[in-house]
Amino acid sequence: MSHTRHQPSRTSARAAEPALPPVPDSGAPRRAVELTVGQALALLGGAPLGRIVFTRRALPAIRPVNHLLDGGRIVIRTHHESDLFRQVRRHGDAGVVVAYQADDIDPLTHLGWSVVATGYCRPVTEPEALLRYRRLIRPWPDRPVEAAVRISPDLVSGVRLTG
């Protein structure tokens with residue numbers, strides 16, 4: 001019995017994409033500089049969006065979200081039926097372990113920074129805090145976003161990519 005592998009068509013959408021311009025090379029070597037926790041949190045706090053990483057059905061799930069850094073905690077608005085919120089609500093004050101990542105890397109020069117924060121995520125339950133976050137964080141989806149979660153980062157690391 002013969003096994004043949006499927007070969008992609010030469011007329012695929014990928015073939016029609018324009019070639020990317022070459023990355024400009026300044027001649028200077030690029031290097032990664034580790035950030036302090038304070039530097040990493042400052043950059044994270046200024047970033048307009050990031051990615052939440054959590055477990056969904058025993059597998060990693062990643063969602064792009066916008067956030068707010070409030071008292072050293074990362075706050076995300078979500079809806080009651082989201083996979084993340086259901087899991088966080090189920091664990092309550094015990095929280096669930098998540099990771100949060102944000103970056104600002106220039107696609108042409110590959111210079112910029114990246115920060116990862118790992119910690120426990122818990123539901124926001126105080127009505128005044130929910131109202132405050134509703135005013136401060138404008139969510140992406142065009143649907144009711146009535147809930148919020150907070151991540152208390154226990155591990156924060158970051159790197160600045162310099163030329």
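A salt bridge is taken here as a side-chain nitrogen of Lys or Arg within 4 Å of a carboxyl oxygen of Asp or Glu. By this criterion, arginine 77 has no salt bridge in the predicted model. The residue is nevertheless buried. Its nearest side chain of opposite charge is glutamate 146, at 7.3 Å. Because the cut-off is 4 Å, the 7.3 Å separation does not qualify.

Backbone oxygens lie within reach of the arginine 77 side chain instead. The backbone oxygen of isoleucine 137 is 2.7 Å from a polar atom of that side chain. The backbone oxygen of valine 145 is 2.6 Å from a polar atom of the arginine 77 side chain. Beyond four places in sequence, arginine 77 touches Tyr133, Arg134, Ile137, Pro139, Val145, Ala147 and Ala148.

Arginine 77 belongs to strand β5. This strand spans residues 73-78, and 5 of its 6 residues are buried. Strand β5 is therefore largely enclosed by the rest of the structure. Two pairings of β5 were identified, with β4 and with β8. Strand β4 comprises residues 68-70 and pairs with β5 in the antiparallel sense over 3 bridges. Within this pairing, leucine 69 has isoleucine 74 of β5 as its bridge partner. The strands β4 and β5 form a hairpin with 2 residues between them. Glycine 71 in this hairpin takes a positive phi near 60°. The pairing of β5 with β8 is also antiparallel and has 5 bridges. Here isoleucine 76 stands opposite valine 149 in β8.

Strand β8, residues 147-162, contains another arginine, at position 150. Arginine 150 counts as buried because its relative accessibility is 11%, below the 20% limit. Its side chain makes a polar contact of 2.7 Å with the side chain of glutamate 126. Arginine 150 also touches residues of β5, among them Arg73, Ile74 and Val75. Further contacts of arginine 150 include Tyr120, Cys121, Arg122, Val124, Ala129 and Tyr133. Tyr133 is touched by arginine 77 and by arginine 150.

Helix α2 packs against this part of the structure. The helix covers residues 37-46, and Ala40, Leu41, Leu43 and Leu44 are buried in it. Viewed down the axis of α2, the buried residues fall within an arc of 160°, so they line one face of the helix. An α-helix has 3.6 residues a turn, so residues three or four places apart point the same way. On the other side of α2, Gly38, Ala42 and Gly46 are exposed. The buried residues of α2 pack against β4, β5 and β8. They also pack against β6, residues 96-105, and β7, residues 112-123.

A further hairpin is formed by β2 and β3, with 2 residues between the strands. Strand β2 (residues 50-56) pairs with β3 (residues 59-65) in the antiparallel sense. The pairing extends over 7 bridges. Arginine 56 has leucine 59 of β3 as its bridge partner. Arginine 57, in the turn, has a positive phi of about 55°.

Proline 29 lies in the loop between α1 (13-16) and β1 (31-34). With a relative accessible area of 67%, proline 29 is exposed. Its C-alpha atom is 5.8 Å from that of glycine 163, although the two residues are 134 residues apart along the chain. Beyond four places in sequence, proline 29 touches Thr162 and Gly163. Thr162 belongs to β8, which spans residues 147-162.

Conventions: Residues are numbered from 1 along each chain as its sequence is written. This is a predicted model: local features need pLDDT of at least 70, side-chain atom pairs count only at pLDDT 80 or more; totals for chains, interfaces and linings use all residues. Side-chain values use heavy atoms; hydrogens and water are left out. Helices (H or I, at least four residues) and strands (E, at least two) are DSSP runs, numbered from the N terminus. Buried means under 20% relative accessible area, exposed over 50%, partly exposed in between (1.4 Å probe, protein chains only). A polar contact is a pair of N or O atoms within 3.5 Å; within protein, one must be able to donate a hydrogen and the other to accept it, and residues adjacent in sequence count only if both atoms are side-chain atoms. Contact means heavy atoms within 4.5 Å. Two strands pair if DSSP finds at least two bridges between them. The arc is that of the directions from the helix axis to the C-beta atoms. Lys and Arg count as positive and Asp and Glu as negative; His and the chain ends are not counted.
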